[in-house]
Amino acid sequence: MLLLLHGTYWSRVWQRVLDDISAAGLRPIAVDFPGFGRSGGELTVEAASVPRLSAWLLRFLDSIGHKGPVMVAGHDIGGGVAQHLMLAGAVEVPRVAVVNGIMYDSWPVPGVARFRDPAVAAATTRDDVLAARRVSVVKALGRPASEAEITEYLDPWTDPRVARSWLALAGAADHRYTMEMLPALLRSKTPKLLVWGEDDPFQTVNFAERYAREIPNTKLVRISSAGHIPMENDPKGVAGALAEFFAGKQ
């Protein structure tokens with residue numbers, strides 16, 4: 001099984017690569033965290049940190065009856081959750097991939113960090129979240145997009161519960177979680193893959209380059225002319241890199 005994790009967007013980011021990953025003989029499951037995408041529930045700030053989302057994944061795996069190792073790929077904040085799950089050791093993670101994900105002190109970006117202020121979050125309406133997400137989605141796609149496509153990305157946030165969950169994730173965004181993982185990452189022998197849209201204005205490629213230099217057993221695959229969601233710019237390239245990595249010899 002290959003878990004595909006989202007960050008400040010939702011599982012829609014993986015849609016264009018699922019078929020090709022499946023065709024490689026893998027079983028991808030694009031997960032929506034509670035209160036995101038089409039999932040039920042609602043996140044609170046206390047439940048939305050990287051460690052708490054990593055712990056939630058253990059309950060998710062138990063709920064679907066999965067036993068044994070699980071491979072994980074994470075985008076954006078989901079990349080931090082994927083790394084945490086690997087290091088925590090509660091479940092065996094033989095390989096992990098990070099796609100334009102968080103690392104070091106690369107996050108939260110200013111558009112997310114401002115919602116860490118409880119007063120700002122409390123004064124933010126569903127429509128405010130929708131407007132902020134529209135700006136972010138248009139920028140993250142890194143290519144022209146139709147209004148129908150943008151609307152599809154934004155649709156979950158029309159639900160106030162989902163908007164509140166996004167605010168909780170933003171409120172919990174703190175780079176101390178990725179910085180705290182560094183000592184263990186430097187000792188980690190787990191194979192790691194970074195897949196990176198080179199033109200990402202949010203999680204810039206220099207962080208991935210540093211990670212590939214410093215963290216053992218890490219390979220960086222650069223996706224040219226691609227932004228924060230490279231699955232949208234070069235789905236074949238991203239799916240091919242992930243399939244080769246996860247379906248290769250362990």
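What volume does the largest cavity have? In this predicted model, the largest cavity has a volume of about 40 Å³. The count comes to one cavity of 30 Å³ or more. Its lining is made up of Q83, I102, M103, Y104, T178, M181, L182, L185 and Y211. By class, seven of these lining residues are nonpolar and two are polar. No charged residue lines the largest cavity.

The open space was examined next. The largest pocket holds about 280 Å³ of space. Its lining comprises 21 residues. Nearest the centre of the pocket lie V109, V112, R133, S136 and F202. Helix α4 (110-113) and helix α6 each supply at least two lining residues. The largest share comes from α6, with five residues. The pocket lining divides into twelve nonpolar, five polar and four charged residues. Charged residues are thus present in the pocket lining, whereas the lining of the largest cavity has none.

Helix α6 (residues 126-141) also packs against another helix, α8 (residues 160-171). The two axes come within 9 Å and cross at roughly 65 degrees. This crossing is left-handed. On the α6 side, the contact involves R126, V129 and R133. On the α8 side, P160, A163, W166 and L167 take part. The contact of α6 with α8 has five nonpolar and two charged residues, and no polar ones. R133 of α6 has two roles in this description. It meets α8, and it is among the residues nearest the centre of the largest pocket.

A second helix pair is formed by α2 (residues 50-63) and α3 (residues 77-88). Their axes come within 9 Å and cross at roughly 65 degrees. Helix α2 is therefore roughly perpendicular to α3. The crossing of α2 and α3 is right-handed, whereas that of α6 and α8 is left-handed. From α2, the residues in contact are V50, P51, L53, S54, L57 and L58. From α3, they are I77, G80, V81, H84 and L85. The contact residues divide into eight nonpolar and three polar. The contact of α2 with α3 contains no charged residue, while two charged residues belong to the contact of α6 with α8.

Conventions: Residues numbered from 1 in each chain as written. Predicted model: local features only at pLDDT ≥ 70, side-chain atom pairs only at ≥ 80, totals over all residues. Heavy atoms only, no water. Axes fitted to C-alpha atoms, helices over the stretch in contact; angles between N-to-C directions. Helix = DSSP H or I, 4+ residues; strand = E, 2+ residues; numbered from the N terminus. Parallel < 35°, antiparallel > 145°, perpendicular 65-115°, else oblique. Left-handed = near helix turned anticlockwise from the far one by under 90°. Contact = heavy atoms within 4.5 Å. Nonpolar A, V, L, I, M, F, W, Y, C, P; charged D, E, K, R; others polar. 1 Å grid on protein atoms, 1.4 Å probe; cavity = no way out; pocket = protein on both sides within 12 Å on 5 of 7 lines; lining within 4 Å. Points joined across faces, edges and corners; volume = space filled by probe spheres on them.
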